[in-house]
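Subject: Handover of a structure

Dear colleague,

Please find below the structure that I am handing over to you. I would ask you to keep it open while you read the notes that follow it.

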Amino acid sequence: MKSLSILGSTGSIGRSCLKVVEKFPDHFRVVGLAAGDNISLLTEQINRFRPSIVSVSKPASVEPLSRRLAHLYSGCRPKIVSGTEGLDEVATHPEAETLVSAIVGVAGLRPTYEAIRMRKTVALANKEILVVAGDLVLRAALENQVEILPIDSEHNAIHQCLRTGRREEVRRIILTASGGPFRCWPVEQLEEVTPELALQHPTWNMGHRVTIDSATLMNKGFEVLEAKWLFGMPVEQISVLIHPQSIVHSMVEFIDGSILAQLGVTDMRHPIQYALTYPERLETPLTALDLSQMPSLEFSQPDLAKFPCLELAFRAASRQGSLPCALNAADEIAVEAFLHGKIRFREISRIVRQVMDLLSNRDNMSSITAVLEFDRFVRKETRHIIARDYTH
């Protein structure tokens, strides 16, 4: 039986992960949960899975959670911690064998890094960790002989395809993208995009930032950076194809011309189950893909003129140092400004480009502390640029 700690248990990935755990009670045990402000849902999760330790984002939430638990049961209640130290405690708990890293943003970087140092297997759903600190994280994983198993459907698909051949036999990795809600819109019409329209993703149900990043294709750019580190591939051997049906989750082309693809329904529980049960496969109660009902499959090249965020991500991926961190931080602040009606949709990419051009690339990103300090600096500078140049 595998013992799990889950960062981001009340988010969409965390909830799906717990559904998988429920289906296989003889294979998994939850020992740690970390959540944000959704105390009500966290209380339900604690009551259902009885972890040894739980973490909340704010110290002020500790007492309300404790009172709720006191009303539920009189037995041994979990230890309740909070803040960044709480995340570290959950991630590195002695009972946990595997960490599911699904907390959003750079908040997941330090606890995941610490879990790797404690030789925990990591099931990774947080793109930002490898985007901003891929070199540090992968070096730590190699030194501690830790396996990082991707939960993202695209990288999970690549991981599965790569099991059929050696890395030196790979010609390129092909990431697929739905294209988002504006795939067929003319460029000039993108000036009319509102947050409400951008949040209507045609395929996946995700958090607000990820949904906007999918609409700009920045999310796919982050996946290019993630693939670079996860699979040790130079960016020149990573490409993106638009695939609106989201049936082929990604592909690997080998040097003999063979292309292997992983197909499946759009349900995150499938890649989560794969990551949690690896290297084994368990029979799933989930819906399988019915090939007889499958629509025609379309593939096309992304329009970089329409979606310049993807080009910016490739630019960052071709460099070492701080540029990927600047890309991520500037994008997060720009997306936040868009969602609050402060900037227009197409200004997201303009702001990110301006920040990347303004901040010189730093090669000295030799520690997690240095990465997080630079991340805070970029966020501050991006807010200043938006207030000065883009407030309408």
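In these notes, helices and strands are runs assigned by DSSP, with at least four residues for a helix and at least two for a strand, and they are numbered from the N terminus. Please bear in mind that this is a predicted model.

Backbone details

With that numbering, Arg50 can be placed in the loop between helix H2 (39-49) and strand E3 (53-56). The phi angle of Arg50 is near 50°, which is a positive value in a residue other than glycine.

A second backbone detail concerns a proline. Tyr278 and Pro279 are joined by a cis peptide bond, with omega at about 10°. Pro279 belongs to the loop between H11 and H12.

The packing of two helices

Two packed helices are described by the angle between their axes and by the distance between those axes. For H12 and H14, the angle is about 25° and the axes are 9 Å apart. Angles under 35 degrees count as roughly parallel, and H12 and H14 are therefore roughly parallel to each other. Their crossing is left-handed.

Which residues of H12 and H14 meet? On the H12 side they are Pro308, Cys309, Glu311, Leu312, Arg315 and Ala316. On the H14 side they are Ser349, Val352, Arg353, Met356 and Asp357. Sorted by class, this contact of H12 with H14 has six nonpolar residues, one polar residue and four charged residues.

Enclosed cavities

The count of cavities of 30 Å³ or more comes to two.

The largest cavity holds about 80 Å³ of space. Its lining consists of Leu190, Thr216, Lys306, Phe307, Pro308, Cys309, Phe345, Arg346, Ile348 and Ser349. Helix H12 (308-317) and helix H14 (347-358) each give at least two residues to this lining. Pro308, Cys309 and Ser349 are among the lining residues of the largest cavity, and these three residues also appear in the contact of H12 with H14. The classes in the lining of the largest cavity are six nonpolar, two polar and two charged residues.

The second largest cavity holds about 30 Å³ of space. It is lined by Lys19, Val20, Lys23, Phe24, Arg269, Gln273, Thr284, Pro285 and Leu286. Two elements, helix H1 (12-23) and helix H11 (269-277), give two or more residues each to this lining. H1 gives the most, with three residues. By class, the lining of the second largest cavity has four nonpolar, two polar and three charged residues.

An open pocket

How much space lies in the second largest pocket? The value is about 380 Å³. This pocket is lined by 19 residues, and those closest to its centre are Gln160, Gln262, Leu263, His270 and Arg281. The elements that supply two or more residues to the lining are helix H7 (153-162), strand E11 (259-263) and H11. H11 provides the largest share, with five residues. In terms of class, the lining of the second largest pocket has seven nonpolar, 10 polar and two charged residues.

To draw two of these sites together, H11 contributes to the lining of the second largest cavity and to the lining of the second largest pocket.

Yours sincerely,

A colleague

Terms used: Residues numbered from 1 in each chain as written. Predicted model: local features only at pLDDT ≥ 70, side-chain atom pairs only at ≥ 80, totals over all residues. Heavy atoms only, no water. 1 Å grid on protein atoms, 1.4 Å probe; cavity = no way out; pocket = protein on both sides within 12 Å on 5 of 7 lines; lining within 4 Å. Points joined across faces, edges and corners; volume = space filled by probe spheres on them. Nonpolar A, V, L, I, M, F, W, Y, C, P; charged D, E, K, R; others polar. Axes fitted to C-alpha atoms, helices over the stretch in contact; angles between N-to-C directions. Parallel < 35°, antiparallel > 145°, perpendicular 65-115°, else oblique. Left-handed = near helix turned anticlockwise from the far one by under 90°. Contact = heavy atoms within 4.5 Å.
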